[in-house]
Amino acid sequence: MAILLHVHSILRWVILLLSIIVIFKSYTGYSQKKLFRAEDNKASLLLMISCHIMLLIGLMQYLIGPNGMQLFSTNPASIVMKTKELRFFAVEHILVNIIGIAFITIGRIASKKAISDYSKHKKLFIYTLIGLILILSRIPWPGMAGVGRGWF
Ligand code: HEM
């Protein structure tokens, strides 16, 4: 569905912006030994909610759209895996982004469980940074050979 794809595409910017906010706040939080405040918790909550909405929309596209599971029914699996353009959406985009979202989610849980404010900030920083790097690596950016899409 075109509208779902559009929401999925726009939501990338929300996730990128919130990740940068969480990474910046948690880095300054632990390096300057700041208190872990309600606003720090709210930023990480908003990021996790956005990621989970992204995951749901992505799963729907993967199940019903032309660039998900269908790639395996229209091509032999060996061809999908050998062809960069097919493998990107059939395997890499979903797999790496799910792992990235898992890092962001685990980071929030670990940060909530941590006792000291220092440790809350540090856990959030490390996990969110890894999550963001993974997500950034598998976005179909404009200009990416064979898989690139629009900016919005
Ligand atoms: C934070 C994580 C993610 C980001 C930033 C992201 C970003 C994007 C972007 C920018 C597109 C291109 C949209 C367009 O053509 O305008 C796309 C397509 C797609 N994404 Fe994601 N995505 C993420 C996670 C996921 C996940 C977890 C799944 C599956 C579970 C998924 C499934 C798909 C599919 C199937 C398409 C292709 C849709 C089509 O062309 O029919 N995405 N994604």
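**Notes on the predicted model: a buried serine, an iron site and some salt bridges**

1. Let's start with Ser19, which sits in helix α1. Keep in mind that this is a predicted model. Is Ser19 buried or exposed? Ser19 counts as buried, at 0% relative accessibility. Setting aside neighbours within four places in sequence, Ser19 touches Leu47, Thr128 and Leu132.

2. On to the iron atom of the ligand. Which protein atoms act as its donors? They are NE2 of His8 and NE2 of His93, lying 2.0 Å from the iron. The iron has 6 donor atoms, with angles of 86 to 180° among them, and the site is octahedral. His8 belongs to helix α1 (residues 2-31) and His93 to helix α5 (residues 84-113), so this pair ties together parts of the protein that are 85 residues apart in sequence.

3. How accessible are those two histidines? His8 has a relative accessible area of 14%, so it is buried. His93 comes out at 16%, and is buried as well. The cut-off to have in mind here is under 20% for buried.

4. Now the charged pairs. How many salt bridges does a search of the whole structure find? The search turns up 4. One of them brings together the side chains of Glu39 and Lys25, at 3.1 Å from N to O. Glu39 is in helix α2 (residues 38-64) and Lys25 in helix α1, so the two tie together parts 14 residues apart in sequence. Glu39 is partly exposed, with a relative accessible area of 48%, and Lys25 also counts as partly exposed, at 23%.

5. Lys25 has another partner: its side chain meets that of Asp40 in a salt bridge, with an N to O distance of 3.4 Å. Here too the pair links distant parts of the chain, with Asp40 in helix α2 and Lys25 in helix α1, 15 residues apart. Is Asp40 buried or exposed? At 9% relative accessibility, Asp40 counts as buried.

6. Arg87 and Glu92 form a salt bridge too, and their closest N and O atoms are 2.9 Å apart. Arg87 is partly exposed, its relative accessible area being 23%. Glu92, at 19%, is buried. As for networks, Lys25, Glu39 and Asp40 are joined into one by salt bridges that share partners.

7. Helix α1 is a handy thread through these notes. Ser19 is found there, His8 lies there and is paired with His93 of helix α5, and Lys25 of helix α1 is linked with Asp40 of helix α2.

Definitions and conventions. Residues numbered from 1 in each chain as written. Predicted model: local features only at pLDDT ≥ 70, side-chain atom pairs only at ≥ 80, totals over all residues. Heavy atoms only, no water. Donors = N, O, S within 2.8 Å, 3.2 Å for Na, K, Ca; no water. Tetrahedral: all angles 85-135°; square planar, octahedral: opposite > 155°, others 65-115°. Helix = DSSP H or I, 4+ residues; strand = E, 2+ residues; numbered from the N terminus. Buried < 20%, exposed > 50% of the residue type's maximum accessible area, 1.4 Å probe, protein only. Contact = heavy atoms within 4.5 Å.
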